[in-house]
Amino acid sequence: MVPNEEENTPTGADVLFQQHSIAEIVEIRQKILQDISKKNQDLREMVGERYRELIDAADTIQNMKQLADELPSKLRQLPFRCEQFKPRSLNVSTRDPQVFADFVQTKLVLDIGARLGPLIEAREMISSAALIALAQLAVRGHQLREQLLATCQKSLRTSTRMLSNGCLTAMADPDCNSDSLSEALCALAILEGHRPEKLVEMFFQQRTNYLQQALDEQTAQTKDKFRNVARYLIFTLNLAHSLAGDPPDLVRYFQNHRINSHGIVSLVEDPLSLATQFLPRHLAQFRCVLPEALSDTRLLVGPTVVQAEAFLEQMRLSCRQKLTLELQCHNECRSIAKAYDHLRTSIDKTQMCAEFLGKKTPDIYETFFQEAIVVRIAGIFEDILHTATEQLLTSIHSSFQEAARVKFSNVPSLCKAFDSSVKSAMDQLSEFVPFREMASAEHRSLAKLTSASAEQMLTRVCAFIAQCVESGVRCCYFLSLLSHLAFALTNCVHLQQVFGNNDWLHRKESLLESRNLATLTALKILIEENLEPFKKSFNIPVAHILLKLASVKVKVDLSDEGEEGVPVYTSIYLPQHAVLPLNQLLFIICVRIREIMDCAISKKVILQANQLLHEAVEQVYQKVLDQRAGLPASAQQELALQLLFDIEYLEKLLATRANENLVYQLTSLIDPVDLHMFRPHLDEGVVGLVAQTAMIFGLICPQGALGKPRKQTSQDHNVMTLAKSSTQLFSLLPVGMPQYLKR
């Protein structure tokens, strides 16, 4: 039995049948057949691809065999060929040294052209520049044939272009060090004679171009791109620091170069060779020198500092823009946090020397990366909040069609889900290590940005509520949902943590204002809807109204001392209850509030709604009063007395203010003597009725019961105040309280 090394499956048939079931053996057989088919296919592909190479190899072997067969005969002919060779002496027409000098110069130019390529590839820029300068000098001082001269000049132009490009490439290379930079800058100074400021400008331009390409690269991972950009920035500042030295590193490097000790010709010819002896002195002793401006430290430091500051500012703007785009593909803070950790490690491990910038020396992370990272993390937080807000408002808006038959609200569950989304966003922020440090700049920036995002979300919710109200929505159930939404958001714990305790108070006030707006609109609609039956109750003649009012009169017995001390008893009838339509109106409004409103109603809104209700009732009473013409004076006084009682009752129950003009009209219809007599009993009746009905109308009674119940009540009642700042949605039960014993 031989085991299959690839699948570790035994191939012996007996062992297979012993260890496996029939179904497993069928599966193994199928797998082996698939492997065989795959191997055959691979073999066919390999043969097809290598067919031409096999043919060429066969032809090469055939040629090798033919050459090997011919080799013995050629070796036998070699002595005979040597005997036939007859050397001839060099026929020089003259022994003039100038002839030899011309030959040597021509050889020098041709040798330099052959030598430049390997030197440029080896990045020996100074040696290459020196040889080009030597070749240019040799060509100018030597009369070459026209064809040879054109060839040499073309070769020198090509070599010069290659060297310039090589110098620029070397300056942009991420592995460029101080020696490589010195080689490139010295070579450019020798070739083109640039001044210091031009050389510094070229250096920073090449570094900028490379960084722009690195930032635009799409194939690298974010963490690798961050690391490469950070290291490149640090290396660029280190190289700039070497330019601003005293003296600059490139000056020291050039002074120690071998062309200054062995000469330039030694790069091509052996100093002891015969050809060197015939070179003209100006070529044999040729030396390269740098421009004098490069040896002046002040002329290098100034341009270096200026160009470095411009480079840093330009790269700061580019990093902010392009790194922000790079981070757009990250939808989780965790991946950005990993890239941040990788970046900080790389920066900490790379030493930076930029003392020439002084206090303007940048912090690499804070200057080039921090803003992009913080903005993207805040963007992720904003995206989560935006999605959660969209879902919340969509769910609220979708309930508009069903709002007329919905008897309960899912707003609490929706706001709970929204708060969970806020918590998820905060948890993602915690993945970013600097955010956990309260004193860090990242924490302050993120706190500001996340607060702005949450503020934008709340503004959108408030605008949504205001838009629904302003669009004329008349569905009380839907307006109740909007009110409940604004109120429920004030209880979102994690949303409060985003703002902090101090800033949350202002945002909470905005939500409560939106709640009050929706609530007041709903109450206005509710009052308008239920006011119609109240108005219809008074669409009858005034005389019939008096018949209805007769049922709410209460007899009050008065006694007074008459002549000769004999007491005189009289009875008057005063209103002790509001008219029935008014009681029905108040009751139905309380019932509808209980059915519709799903959240607390603030005292401010209750007072505003009560004032609207009071004014609507006064308008109806004003119309009734305007129809009094034709009634007897006693009937008009009776009507005015009842309406005055209702107005004062509403004013005390709803904590509103009556229309002074209407009150004046009513009191002017009552005899002053009678009014003086009625006033104590009238006031007592108003207070007693308020005390009795405050519990029933508690939802619209912001101040609770004022005063005591009527005297016939067996005991006083302690009616619980509905709320100091808001109206709760539960029934109010009277709590029995014994009367205090009079001492």
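**Exercise 1. A surface patch**

In which helix is I22 found? Determine also whether I22 is buried or exposed, and state which residues form a nonpolar patch with I22 on the surface.

*Solution.* The model examined here is a predicted one.

Step 1. I22 is found in helix α2, which comprises residues 22–49.

Step 2. The relative accessibility of I22 is 59%. Since the limit for the exposed class is over 50%, I22 counts as exposed.

Step 3. I22 joins F17 and V26 in a nonpolar surface patch. Together, F17, I22 and V26 have about 330 Å² of accessible area.

**Exercise 2. Confidence and overall composition**

Describe the confidence of the model along the chain, and then summarise its secondary structure, burial and contacts.

*Solution.*

Step 1. The average pLDDT of the chain is 78, and 78% of the residues score at least 70.

Step 2. Two segments call for separate treatment. Over residues 1–11 the pLDDT stays under 50, and the model has 18 contacts for them beyond four places in sequence. Over residues 710–743 the pLDDT likewise stays under 50, with 62 contacts beyond four places in sequence. Where pLDDT is low, predicted coordinates should not be read in detail.

Step 3. The chain contains 28 helices and 6 strands.

Step 4. Of its 743 residues, 43% count as buried. The exposed surface of the chain is about 42,100 Å², of which carbon and sulfur atoms supply 53%.

Step 5. Consider the contacts between residues at least 6 apart in sequence: 76% of these join residues at least 24 apart.

**Exercise 3. A salt bridge between two helices**

State how many salt bridges the structure holds, and analyse the one formed by R320 and E371.

*Solution.*

Step 1. The structure holds 15 salt bridges.

Step 2. In one of them, the side chains of R320 and E371 meet with an N to O distance of 3.7 Å. R320 belongs to helix α14 (residues 297–326) and E371 to helix α17 (residues 370–398); the pair therefore ties together parts that are 51 residues apart in sequence.

Step 3. Both partners can be classified by accessibility. R320 has a relative accessible area of 35% and is partly exposed. E371, at 38% relative accessibility, also counts as partly exposed.

**Exercise 4. Salt bridges within a helix**

Examine the pairs D427 and K423 and D683 and R679. For each, give the N to O distance, the helix and the accessibility of the partners.

*Solution.*

Step 1. The side chains of D427 and K423 form a salt bridge at 3.1 Å, N to O. Both lie in helix α18 (residues 411–430); because they are 4 residues apart, about one helical turn separates them.

Step 2. D427 is partly exposed at 39% relative accessibility, and K423 is partly exposed with a relative accessible area of 37%.

Step 3. In the salt bridge of D683 with R679, the closest N and O atoms are 2.8 Å apart. The two residues lie in helix α28 (residues 672–693) and are 4 residues apart, about one turn of the helix.

Step 4. D683 counts as partly exposed at 33% relative accessibility. R679, at 24%, counts as partly exposed as well.

Step 5. This second pair is part of a network of salt bridges that links E648, R679 and D683.

**Exercise 5. Aromatic pairs**

Give the number of aromatic pairs, and describe the geometry of the pair F204 and F311 and of the pair F534 and Y621.

*Solution.*

Step 1. The count comes to 10 aromatic pairs.

Step 2. One of them is formed by F204 and F311: it is tilted, with 5.5 Å centre to centre and 45° between the planes. F204 lies in helix α8 (residues 196–216) and F311 in helix α14, so that the pair links parts of the chain 107 residues apart.

Step 3. F204 is buried, with a relative accessible area of 3%, and F311 is buried, with 2%.

Step 4. The pair F534 and Y621 is also tilted, at 6.3 Å centre to centre with 45° between the planes. F534 lies in helix α22 (residues 493–536) and Y621 in helix α25 (residues 603–626), so this pair ties together parts that are 87 residues apart in sequence. Both F534 and Y621 are buried.

Step 5. Ring pairs also join F203 with F204 and F311 in a cluster.

Notes:
Residues are numbered from 1 along each chain as its sequence is written. This is a predicted model: local features need pLDDT of at least 70, side-chain atom pairs count only at pLDDT 80 or more; totals for chains, interfaces and linings use all residues. Side-chain values use heavy atoms; hydrogens and water are left out. pLDDT is the predictor's confidence in each residue, from 0 to 100. Contact means heavy atoms within 4.5 Å. Buried means under 20% relative accessible area, exposed over 50%, partly exposed in between (1.4 Å probe, protein chains only). Accessible areas come from the Shrake-Rupley method with a 1.4 Å probe; for residues, only the protein chains shown count as cover. A salt bridge is a side-chain nitrogen of Lys or Arg within 4 Å of a carboxyl oxygen of Asp or Glu. Patches are made of residues with over 30% relative accessible area and no salt bridge: like charges are joined within 9 Å, nonpolar side chains (Val, Leu, Ile, Met, Phe, Trp, Tyr) within 5 Å. Rings of Phe, Tyr and Trp (its six-membered ring) pair if their centres lie within 6.5 Å; planes under 30 degrees apart count as stacked, over 60 as edge-to-face and the rest as tilted.
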